[in-house]
Structure formats: structure tokens, C-alpha cells
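Welcome to my notebook. I opened this structure and wrote down what I looked up, one topic at a time.

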Amino acid sequence: MSIFSIGVGGLNAAQMGIMTSGHNISNASTPGYSRQSISQGTNNAIVTGAGFVGQGVHVQTVKRTYDEYMAKQVLHAEAGASEMDSYTTQISQIDNLLADVSSGLSPALAGFFKGVQDVAANPSSIPGRQSMLSASSLLTERFHALDDKMTEVRLGVNSYIANYTKEINVYASQLADINQRIMIARTGISTQAPNDLLDKRDQMIKELNQLVRVTTVVQGEDVNVFFGKGQPLVVGAQYNTLVAMVSPEDQEKFVVGMIGEGSLPIAVPESQVSGGKLGGILAFRSQTLDKAQNYLGRVAVTIAQNFNDQHNLGMDLTGALGGDYFKVPPPNLKQNASNTGSGAPTVAFDTANMAYLSGSDYRLSFRSGQFQLLRLADAQAQTFASLPQTVDGIQIDLGDWVPNENDSFLIEPTRTGARNLGILLSDTRSIAAAAPIRTSTALINSGTGAIDAGVVVDTANPSFTNFNVTGQIAPPVLIQFDHPPTTYSLYDNTDPALPVLIQGNIAYTAGADVFPTASGLDYGYRIKISGVPASGDQFSVGGDITGIADNRNAMLLGALQTKSTMNASVNVGPTASYQSAYSQIVSFVGSKSSEVQAIGASQQTLADQSNSILQQVAGVNLDEEAANLLRYQQAYQASAKILSIATKIFDEILSLGR
């Protein structure tokens with residue numbers, strides 16, 4: 001090799017160095033670009049008598065500076081940050097809604113019970129009763145408004161799932177294509193890497209990872225991409241298509257599906273989709289939105305049922321027994337689209353145990369000849385050989401269900417409770433503010449015995465119902481103490497002039513129920529007598545036929561505001577009032593929002609730090625590239641000088657021959 005070749009080799013190397021530095025400088029702001037550099041090698045020397053003589057330089061390759069380990073750390077951190085950012089955006093909507101002092105439930109709930117208290121203060125006032133109905137309407141409208149917003153957010157989640165799956169498909173298609181292009185580019189030049197294509201592929205993976213967490217596996221020239229818990233998305237030059245599909249279990253929500261054999265989508269379990277915007281939106285729905293809407297519905301149906309139960313025990317202005325005040329929305333029952341059996345079970349509230357409503361959804365399935373009920377909130381399962389069964393405040397009956405193996409139904413006890421809550425009364429006279437019974441003490445009594453006002457517990461009791469038909473509202477009873485006054489007798493007092501003995505010689509215990517359970521007597525109300533009655537003392541109970549100014553039932557209705565009627569468990573009775581139960585929803589959403597924001601900030605900091613470290617390794621330093629340009633310029637000029645000197649030497653040699 002001649003001196004000319006050495007000079008040309010030096011020129012070529014310097015020129016390629018200048019081109020590479022120029023390429024770096026022009027792409028300094030290109031997302032995903034990794035700094036490139038030339039790798040030079042000496043040409044093989046030749047052997048002479050004086051030793052090995054060098055033959056110049058050549059460029060072995062143009063390599064990119066890339067740290068695979070750090071790049072994976074960036075992917076992991078960015079997937080978490082993107083997930084929390086998506087979660088935060090959604091949860092902030094309902095957090096602000098529930099906690100708002102004017103649009104939240106608290107002021108409407110307080111206004112409703114103020115209306116009840118106004119009626120209790122003046123039960124015969126028609127304006128007061130109208131005010132109570134207006135406050136009731138405001139309460140139901142507030143429940144509707146809160147649920148409408150949550151439903152709007154839920155529909156938005158469906159839209160996001162549809163949009164994100166479309167974006168993921170675009171990236172999957174492009175990644176499959178670029179895998180193919182890289183393979184073609186390296187065909188026949190297996191020792192040289194198409195750096196710009198590799199950077200483009202890595203940047204695509206980085207952007208895809210912000211939509212859903214992905215992992216990569218290098219296989220030859222290809223990078224295979226998996227999402228979630230190992231679901232294949234891109235394998236070589238092939239890719240799988242994701243779709244937003246209607247859930248087979250719940251036709252009101254979208255889930256992520258993957259196109260399988262026969263072009264039919266197969267639902268991907270939500271537990272297998274994590275990270276990125278898609279993972280964040282799915283986590284928000286399952287962890288926060290479902291719970292918040294269920295808990296809000298639980299407050300609505302519990303208020304409605306408790307109020308109805310007490311209202312039914314009262315008497316209205318017309319002298320009629322109270323009826324249902326609120327419309328109580330029943331539990332939702334949704335059939336799985338893959339069921340092959342016929343009919344459906346029936347689900348209703350166990351009205352006596354509304355405090356045990358958990359706020360969870362349930363999956364009722366039939367497997368191996370048994371019924372399995374899975375509480376979705378904590379994955380607690382119960383197995384039954386037969387139905388009906390009562391669990392967590394709901395009653396599940398077989399109905400006309402003829403199940404086949406693996407048939408299932410989704411039970412949502414309170415999901416639409418707030419949405420479908422309604423008022424059944426429109427006539428102010430129908431508000432049952434009075435108690436339908438009244439008690440009295442005979443004027444001739446000489447003892448210290450005193451009878452309480454009585455408590456109505458069951459107006460559907462047959463005895464109570466029969467007397468109501470006669471216009472006496474409640475069964476009239478005379479209580480007369482015997483001689484000595486340690487026992488008493490009960491008389492049917494329908495005709496006060498001729499009382500009829502019902503049962504005698506009943507042992508008296510001060511403060512105990514006048515109708516002891518052991519007696520078998522049940523008139524639908526409870527009466528207690530205290531003190532020391534004298535022989536012959538009499539007490540009577542009867543219908544409060546003219547009690548339009550009576551407020552006893554209205555007071556009991558008002559007392560529901562602060563009574564613990566919710567959040568009961570197996571070993572603990574009710575622990576929360578309506579307001580405290582709602583406050584727990586606000587607290588739950590607020591705490592979750594703060595938690596998500598904190599995690600998101602931490603993940604973003606980690607992502608920024610990882611990106612910064614990666615940029616220090618793979619990023620373009622303009623000062624460094626400027627120095628490289630000067631170095632390559634000087635190398636180029638020196639190589640050109642070699643050629644100039646070689647030319648002069650050659651010319652001198654030629655001149656010697658003339």
C-alpha cells in the first residue's frame with residue numbers, strides 16, 4: 001500500500017468522523033436518538049527488512065452509545081408515572097365532586113332531615129310538610145347528580161380504553177414493520193448495525209410503554225414485545241391486535257380484548273394489564289370508581305329502606321297507616337354472555353339487615369353441582385349446595401334459573417342505588433308523622449306505675465291489620481293489675497264496656513315488655529310499664545285515631561339522621577350513620593387521590609433521574625461534538641497534507657527521469 005493510500009484512508013476516516021459528529025449535532029434534539037461515534041482500526045502492516053510498516057487507518061463501524069439496562073429502568077419508571085398520571089386525572093374529577101361543600105351530598109342530607117324536624121315541630125302544618133317533600137326531592141336529585149357524574153366518568157373510561165387500544169395497535173404495527181426493516185438492513189452486512197433504525201424502534205417501544213407497560217425480549221435481530229403479564233403483542237414481523245370489547249360479564253363496560261383464532265376477540269383479564277395510561281384507567285375504574293359509586297348507592301338504598309321502614313309504622317293526616325316514602329332501587333343482576341343455561345336467579349335486599357350491605361359486587365356461578373358466591377372486593381368465596389341464601393344484606397333465590405356448568409351472573413347490589421332513588425309521595429297529607437297507637441293511665445290508679453308511649457314495630461302484623469280494617473288503627477288492649485299486683489291480665493278492649501280476657505296471671509317485671517315473648521302475644525307494638533302499680537290499677541292501649549298533631553313518628557324519622565345504621569359486620573353491629581358513611585366515601589376517594597399523586601410524583605422523579613442518567617450516557621453533548629469536529633478537521637487537513645507531500649515526492653521522482 002502506498003503513501004497515497006495512507007493519506008486517502010486518513011481522509012476517509014476524518015470525513016466519516018465529521019459526518020458522524022454532524023449527524024449527532026443535527027439530531028441533538030431528536031427524541032430517542034443515541035449518540036453515534038466511529039470506531040477506527042489500523043490497516044494490516046507490511047513486513048519489510050526494517051520491520052513492520054503501518055498502512056494507515058480504516059473505519060470499522062459507526063456505533064451508537066446505548067445502555068440497555070438503563071433503558072429498561074427508564075421504561076419501568078415511565079410506565080408507572082404514566083399510569084399514575086392517568087389515574088390522577090380521573091380520580092380528581094370525583095374527588096372534587098364528592099368533597100365540594102355545595103355540590104356534595106352533605107348539605108342535601110342535612111336539608112332533608114331539617115325538613116323532617118320541621119314536620120316533627122309542627123306535624124299539622126301543610127307548609128312544613130311541603131318543605132319536607134321539597135327537601136326530599138333535593139336529596140334524590142343530589143344523589144342523581146353525583147351518580148350522573150360518576151356514570152359520565154365511567155363512559156369516559158370506556159372511550160379511553162377504545163382510544164388507547166387503537167394507539168397501541170398503531171405502535172404494534174410499526175414495531176413489527178421496523179423489525180422487518182432491521183432484519184433486511186442487516187442481511188449481508190451482519191457486522192454493521194442500522195443505528196438510526198434501532199433508535200427509532202427503541203423510541204417506539206418507549207412511547208408504547210407510556211400507553212401500557214411492556215417488556216422486551218431480543219431474539220436475533222428482532223425485539224419481541226409483551227404487555228401486562230406476558231401477553232404477546234409483537235413477535236418478529238407479526239403483531240396481535242387489541243380491541244375494546246364489551247365485557248361478557250357486564251355489558252355496560254369495555255374491557256381489553258385480543259383478536260384470537262377466527263378473528264374473535266378474547267377478553268384479557270384486567271389483572272394482566274398494568275402500567276401506562278391504559279393500566280391507570282383500568283386501575284382507577286376497579287379500585288376507585290366502582291367502589292365510590294357502590295358506596296354512594298349503598299347510602300341511598302339504606303336511607304330509603306330505613307326511612308320506609310319507620311314511615312310504615314306511622315299514621316298520616318288522614319288517619320291511614322304510613323306507606324313507603326322512597327322508591328328503593330333493587331339490586332342489579334347481569335347475565336354472563338357465555339351462559340348456556342336458562343332462566344335467572346332473583347336477588348333482593350334483606351331489608352332487616354341493610355346495615356350489612358358491603359358495597360361490593362358479587363359473582364354467582366355454578367360449578368360442579370354447587371353454587372359459588374365470590375365477593376369481588378376481597379375475593380372471598382362461599383359455596384352453597386342450594387339456594388336461597390342470605391349474604392351481606394342481600395337475599396339470593398334460585399328463581400327460574402336452570403344453570404349449566406360454569407354459568408354465572410354478576411350481582412351489583414348498590415351500583416344504581418343513587419341513580420334510581422325516587423320519592424313515592426306527592427300528597428303532603430300522606431306523610432306519616434304520627435304514631436298509630438296511644439297509651440293512657442286510668443284516673444283511679446293509686447300506684448306509682450307508669451306506661452310509656454309505646455313503640456310500633458310491625459303494622460303488617462295480622463292483629464294490627466285486622467283492627468285497622470275496623471277503623472281502630474291498632475288493637476285496643478286493657479292492662480289490669482291483679483291482687484296482689486305482682487301479676488297482670490290482658491283484655492281485648494274493643495268494647496270498653498265489656499273487656500274480654502285474653503290472658504291472665506302474667507308476671508310483672510318493671511320495665512319489661514308487657515307482651516312477653518313467652519306469652520305468644522304479638523300485636524305489632526311494644527309497651528312497657530315501670531314503677532310499682534297497685535292492685536286494680538289499669539292502663540290502656542289503642543289506636544291514635546285523632547292524633548293528627550302527634551309528632552312521635554316524625555321524631556323517630558328525624559332520629560335516623562344520627563343513628564348508626566350502616567357498616568355492620570359479623571361480630572360488630574352498625575357503626576356508621578348516613579353522614580359518617582358518606583364522609584368515609586369522601587375520605588376514601590381523597591386518600592386514594594393523595595396516594596396516587598404521591599406515587600405518581602415519586603415515579604416521575606425516578607423517570608426523570610433515569611432519563612437524565614441515560615442522556616449522560618447516550619445523549620449528544622454539543623460541546624463535545626464541537627471539539628470532535630475540530631479534531632476531525634485537523635485530522636482531515638493533516639491527511640490532505642500527506643497527499644500533498646506524496647504528490648510533490650512523486651513529481652520529484654518523475655523530474656529525475658527527464
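**Salt bridges and their surroundings**

I began with K149, which counts as partly exposed because its relative accessibility is 25%. I should say at once that I am working with a predicted model. Next I looked for a charged partner: the side chains of K149 and E152 meet in a salt bridge, at 3.7 Å from N to O. Both residues lie in helix α4 (residues 126-185), 3 residues apart, about one turn of the helix. I checked E152 too, and at 49% relative accessibility it counts as partly exposed.

Then I wanted the wider picture. How many salt bridges does a search of the whole structure find? I noted 25 of them.

I picked K114 as another example. K114 forms a salt bridge with D118, and the closest N and O atoms are 3.3 Å apart. Why are K114 and D118 separated by about one helical turn? It is because they are 4 residues apart in helix α3 (residues 105-121). For cover, I wrote down a relative accessible area of 47% for K114, which is partly exposed. D118 is partly exposed as well, with a relative accessible area of 31%.

My next pair was D550 and R552, which form a salt bridge with the closest N and O atoms 2.8 Å apart. Is D550 buried or exposed? With 11% relative accessibility, D550 counts as buried, since the cut-off for buried is under 20%. R552, at 22% relative accessibility, counts as partly exposed.

I also found charged residues linked in a network of salt bridges: R154, D250, E252, D290, K334, D361, E412 and R415.

**An open sheet**

I turned to the strands next. What is the strand order in the open sheet of 5 strands? I read it as β22-β30-β25-β26-β27, with antiparallel pairing. β22 (437-441) and β27 (500-507) stand at the edges, and each has a single partner strand, so one side of each is left without a neighbour in the sheet. From one strand to the next, the twist averages 20°.

I followed the sheet pair by pair. Strand β25 (residues 477-481) and strand β30 (residues 538-543) run antiparallel and are joined by 4 bridges. β25 and β26 also pair in the antiparallel sense, over 5 bridges, and a hairpin joins these two strands through 5 residues. V477 was a handy residue to follow: its bridge partner in β30 is V541, and its bridge partner in β26 is D492.

From β26 I moved on to β27, where the pairing is antiparallel over 5 bridges. Here I noted that L490 has Q503 as its bridge partner in β27. How much of strand β26 (residues 487-492) is buried? I found that 5 of its 6 residues are buried, which leaves the strand mostly covered.

**Backbone details in loops**

I looked for unusual backbone angles next. Which two residues does a cis peptide bond join? They are L387 and P388, and omega is about 15°. P388 lies in the loop between β17 (380-384) and β18 (389-391).

S368 caught my eye with a positive phi of about 50°, although it is not a glycine. I placed S368 in the loop between β15 (362-367) and β16 (370-375). S368 counts as exposed because its relative accessibility is 63%.

A379 also has a positive phi, near 60°, and is a residue other than glycine. Where is A379 found? I located it in the loop between β16 and β17. At 55% relative accessibility, A379 counts as exposed.

**A nonpolar patch on the surface**

My last entry concerns a nonpolar patch on the surface. I3, F4, I642, F650 and L654 form this patch, with about 410 Å² of accessible area together. Both α1 (3-26) and α10 (622-656) supply at least two of the patch residues each. Which helix gives the most to the patch? That is α10, with 3 residues. I checked one of the patch members, F650, which lies in helix α10. Its relative accessible area is 43%, so F650 is partly exposed.

Notes
Residues are numbered from 1 along each chain as its sequence is written. This is a predicted model: local features need pLDDT of at least 70, side-chain atom pairs count only at pLDDT 80 or more; totals for chains, interfaces and linings use all residues. Side-chain values use heavy atoms; hydrogens and water are left out. Patches are made of residues with over 30% relative accessible area and no salt bridge: like charges are joined within 9 Å, nonpolar side chains (Val, Leu, Ile, Met, Phe, Trp, Tyr) within 5 Å. Accessible areas come from the Shrake-Rupley method with a 1.4 Å probe; for residues, only the protein chains shown count as cover. A salt bridge is a side-chain nitrogen of Lys or Arg within 4 Å of a carboxyl oxygen of Asp or Glu. Buried means under 20% relative accessible area, exposed over 50%, partly exposed in between (1.4 Å probe, protein chains only). Two strands pair if DSSP finds at least two bridges between them. Axes are lines fitted to C-alpha atoms, for helices over the stretch in contact, and angles run from 0 to 180 degrees between N-to-C directions.
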